[in-house]
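I opened this one to jot down what I could look up, element by element. These are my working notes.

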Amino acid sequence: MKKLYGICLLLMAGLMSSLLYSCDEENSVNYKDDGAYPPPAISLTSPASINSVELGQSVNISGSVSTSMGIRDMYFVQAENATEGGLKEIGNRTYLNINRIVNDTTFSVDVKITEKTTSHIIMVATDVLTKKTAQNIEVDEVIVVNRDVVYIYKNIELAPEYERPASPVQPYLFSTEGVTVNGVMKNVLTLAEVKANGGIGVDFALINVWKNTQTDPPTASSRLGQRGFTFCDVSQLSRGPIGRQCDAEWFPKSDTCCMMIIPPATAQAFGLDALFNNAKADDPTVYQTLNQLSGMGMKVGTNYYVNKLSGASADRTDALVENLKAGSYIAIRRENNKDFKYGIIQIVDPGNDSDALDANSKIIGDDYTKWYTGPELSGYTYNGVAKLYGRKCKFNIIVQK
């Protein structure tokens, strides 16, 4: 339906462009004439001004839009008073879903106030002629309430789970909000604990990349291009570069968490060392600093894992790159119900793989024809990559509430 809607928009836009002025002067039609073809009309049923709103809370904006030429799109965005006059957009635009071209529609949207400098909420409606109408909703005051606005966790430890485990016990998964297990709220979980609670609420895993676990028994082609400690979005564990298809049975459902490395220069510009040294859970400036991560362009299905080492397989000739070490940072974007929340992982200990490396600092392979379901299995070698299962990585993390 959305694809058809897009095609219709393109056809109508092309038609209107070609007909802005008819070649027949006697029957000319000037679609630029706002008197004959006015821009969309916005009518609010909610107040046009808001006395006060708490930072992090939402305000409801409702009303209707009408136009004779068809509505192309509508969006809301926060704005602040610009120093040179006028308004300046801040935060992200929130677009309304429009599945087909209509001349009239109603709307009711909850707009979250994420910036303390917000002075207006702007609603913009555009018709198929690309004529726009903006409706400003004034916000008199944004109140900063002394309450926790971010989660802060220190010295979290995760460890990669073994392949196809019958009874998984490794502290493998992290949940920002926590999952209740036997009446206890836990942020670090095993696969078994996740399955018992439906899978929802978990953000990422620390895995040991080595083999694709889908084909049984594994073969030489099961070996993956990368190797070693890797942070990964739990909704993408079955993807080709990750190979943890064996985990799918433990996740009835899963949430989404994008992630990507924060370059050292960006970390310095954001002042992340000082942020982690001084951050308080009730400090709104920490929340606003995390908002800056929206500019990194994280995408679902594209930015879903971060390797400690790239090109680390001793079976390949790829150039070795160290991505994570103590003091490195990873940006994350939690996407539960499309309510984006940003966070940062600070690496304290990226995991010890020193005794699994060859002379070229690449990770040695073990017997790829077997499933390593646990430690110290009889008849199995643990010379390289297999040593990394169960080894812990330590990190700090700050995430928006």
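My entries below go through a pocket, a helix, some strands and a few odd residues.

**Entry 1: the ground rule.** I am working with a predicted model, and I only read local features where pLDDT is at least 70.

**Entry 2: second largest pocket.** I started with the volume and got about 250 Å³ of space for the second largest pocket. I found 16 residues lining this pocket, and those closest to its centre are I262, P264, G327, S328 and Y329. Which elements give two or more residues to the lining? I noted α3 (264-270) and α4 (272-278). The largest share is from α3, with 3 residues. By residue class, I have the lining down as 9 nonpolar, 4 polar and 3 charged.

**Entry 3: helix α5.** Next I checked burial along α5, residues 284-291. I counted 7 of the 8 residues as buried, so the helix is largely enclosed by the rest of the structure. The cut-off behind that call is under 20% relative accessible area. My list of the buried ones reads P284, V286, Y287, Q288, T289, L290 and N291. What do they pack against? I wrote down the helices α3 and α4, plus the strands β7 (104-112), β11 (150-158), β21 (341-349) and β22 (393-400). I had already met α3 and α4 at the pocket lining.

**Entry 4: the five-stranded sheet.** I traced an open sheet of 5 strands, ordered β13-β12-β14-β15-β17, with antiparallel pairing. Which strands stand at the edges? They are β13 (184-189) and β17 (305-307); each has a single partner strand, so one side of each is left without a neighbour in the sheet. I get an average turn of 40 degrees between neighbouring strands, direction ignored. For the pairing of β12 (173-181) with β13, I see 5 bridges in the antiparallel sense. One register point I kept: V179 has K186 in β13 as its bridge partner.

**Entry 5: β1, β4 and β7.** I then followed β4 (58-66) to two partners. With β1 (41-44), I find an antiparallel pairing over 4 bridges, in which S43 has S64 of β4 as its bridge partner. With β7, I find 9 bridges, also antiparallel, and here G63 stands opposite F107.

**Entry 6: backbone oddities.** As a reminder to myself, most residues other than glycine have a negative phi, and most peptide bonds are trans. I flagged a cis peptide bond between D216 and P217, with omega about 0 degrees. P217 sits in the loop between β14 (204-211) and β15 (223-233). I also flagged N155, a non-glycine with a positive phi of about 55 degrees. This residue lies in strand β11 and counts as partly exposed at 47% relative accessibility. S361 has a positive phi too, about 65 degrees, and is not a glycine. I place S361 in the loop between β21 and β22, partly exposed at 34% relative accessible area.

**Entry 7: Y380.** I went back to the loop between β21 and β22, where Y380 has its place. Is Y380 buried, partly exposed or exposed? At 25% relative accessibility I log Y380 as partly exposed. Leaving aside neighbours within four places in sequence, I find Y380 in contact with K370, W371 and Y372. I also took a long distance: Y380 and V145 are 58 Å apart, C-alpha to C-alpha, with their places 235 residues apart in sequence.

Methods: Residues numbered from 1 in each chain as written. Predicted model: local features only at pLDDT ≥ 70, side-chain atom pairs only at ≥ 80, totals over all residues. Heavy atoms only, no water. 1 Å grid on protein atoms, 1.4 Å probe; cavity = no way out; pocket = protein on both sides within 12 Å on 5 of 7 lines; lining within 4 Å. Points joined across faces, edges and corners; volume = space filled by probe spheres on them. Nonpolar A, V, L, I, M, F, W, Y, C, P; charged D, E, K, R; others polar. Pairing = 2+ DSSP bridges. Axes fitted to C-alpha atoms, helices over the stretch in contact; angles between N-to-C directions. Buried < 20%, exposed > 50% of the residue type's maximum accessible area, 1.4 Å probe, protein only. Contact = heavy atoms within 4.5 Å.
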